[in-house]
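User: Please take a close look at one part of this model for me: whatever salt bridges there are. A bit of context around them would be handy too.
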Amino acid sequence: MENPLRNLEIKNYYTYLLVIAGFILIFSLFFDSRIIDQSKLVVLCLITIVYGLIEWIRDKQIRSKLLQINGEWDNFWEMKNEKLPYPKNSEIIKEFKEKYKPEKLISKYHKITWIFLIVYLSLMVFVFYLI
């Protein structure tokens, strides 16, 4: 019998956030916190869980897009190799990058990740100090 939990590996920071926030949320439902107000703790945990889920979904999307670009690269390479007897690798790579722009995809993903992280941290500070 296969292990049904084998896909639940903790690999990324958002997975750690999900696990920790989930445990704190469950723990806070049964025990009163003397350090922080109960309502603040629940809201902080819910914000963290939502952020972790959003990052998890975004990570799955970028991985599928990168697999798609990898498939496009294989098709592009095969097509160029059939046409040219001795292809120049740098020219083919440059042509592929101009057509599909894989660097733009990665940089956009990182930019949005930083924006989400800043929004998440500002929400946490707002909830902790102003509510």
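Analyst: Buried here means under 20% relative accessible area, exposed means over 50%, and partly exposed is in between (1.4 Å probe, protein chains only). By that cut-off, 24% of the chain's 131 residues are buried. This is a predicted model, where local features need pLDDT of at least 70, side-chain atom pairs count only at pLDDT 80 or more, and totals for chains, interfaces and linings use all residues. Numbering starts from 1 along each chain as its sequence is written, and side-chain values use heavy atoms, with hydrogens and water left out.

First, the scaffold. The chain has 4 helices and 0 strands, giving the pattern α-α-α-α along the sequence. Helices (H or I, at least four residues) and strands (E, at least two) are DSSP runs, numbered from the N terminus. Of the contacts (heavy atoms within 4.5 Å) with a separation of 6 or more, 66% join residues 24 or more positions apart.

How far to trust it? Mean pLDDT, the predictor's per-residue confidence from 0 to 100, is 85 for the chain, and 86% of the residues reach 70 or more. Helix H3 (residues 89-100) has the lowest confidence with a mean of 79, while H4 has the highest with 92.

Now to the part you asked about. There are 3 salt bridges in the structure, each counted when a side-chain nitrogen of Lys or Arg is within 4 Å of a carboxyl oxygen of Asp or Glu.

Start in helix H2, which holds both arginine 58 and glutamate 55, 3 residues apart, or about one turn of the helix. Their side chains meet at 3.1 Å, N to O. Glutamate 55 counts as buried because its relative accessibility is 1%, and arginine 58 is buried as well, at 12%.

A little further along H2, aspartate 59 and arginine 63 sit 4 residues apart, again about one turn of the helix. The N-to-O distance in this salt bridge is 2.9 Å. Here the two partners split: aspartate 59 is buried at 10% relative accessibility, but arginine 63 is partly exposed at 46%.

The remaining pair is glutamate 103 and lysine 97, whose closest N and O atoms are 3.3 Å apart. Both ends are partly exposed, with glutamate 103 at 43% relative accessibility and lysine 97 at 38%.

One backbone detail is worth a glance while you're there. Lysine 101, in the loop between H3 and H4, has a positive phi of about 50° despite not being a glycine. Most residues other than glycine have a negative phi. Lysine 101 counts as partly exposed because its relative accessibility is 45%.

For contrast with the charged pairs, look at the nonpolar side of the surface. The chain exposes about 10,500 Å² (Shrake-Rupley, 1.4 Å probe, with only the protein chains shown counting as cover for residues), and carbon and sulfur atoms supply 66% of that area. Val50, Ile54, Ile115, Phe116, Val119 and Leu123 make up a nonpolar patch with about 470 Å² of accessible area together. Helices H2 (38-83) and H4 (102-130) are the elements that each give two or more residues to the patch. H4 gives the most, with 4 residues. Patch members have over 30% relative accessible area and no salt bridge, with nonpolar side chains (Val, Leu, Ile, Met, Phe, Trp, Tyr) joined within 5 Å and like charges within 9 Å. Leucine 123, in H4, is partly exposed at 38% relative accessibility.
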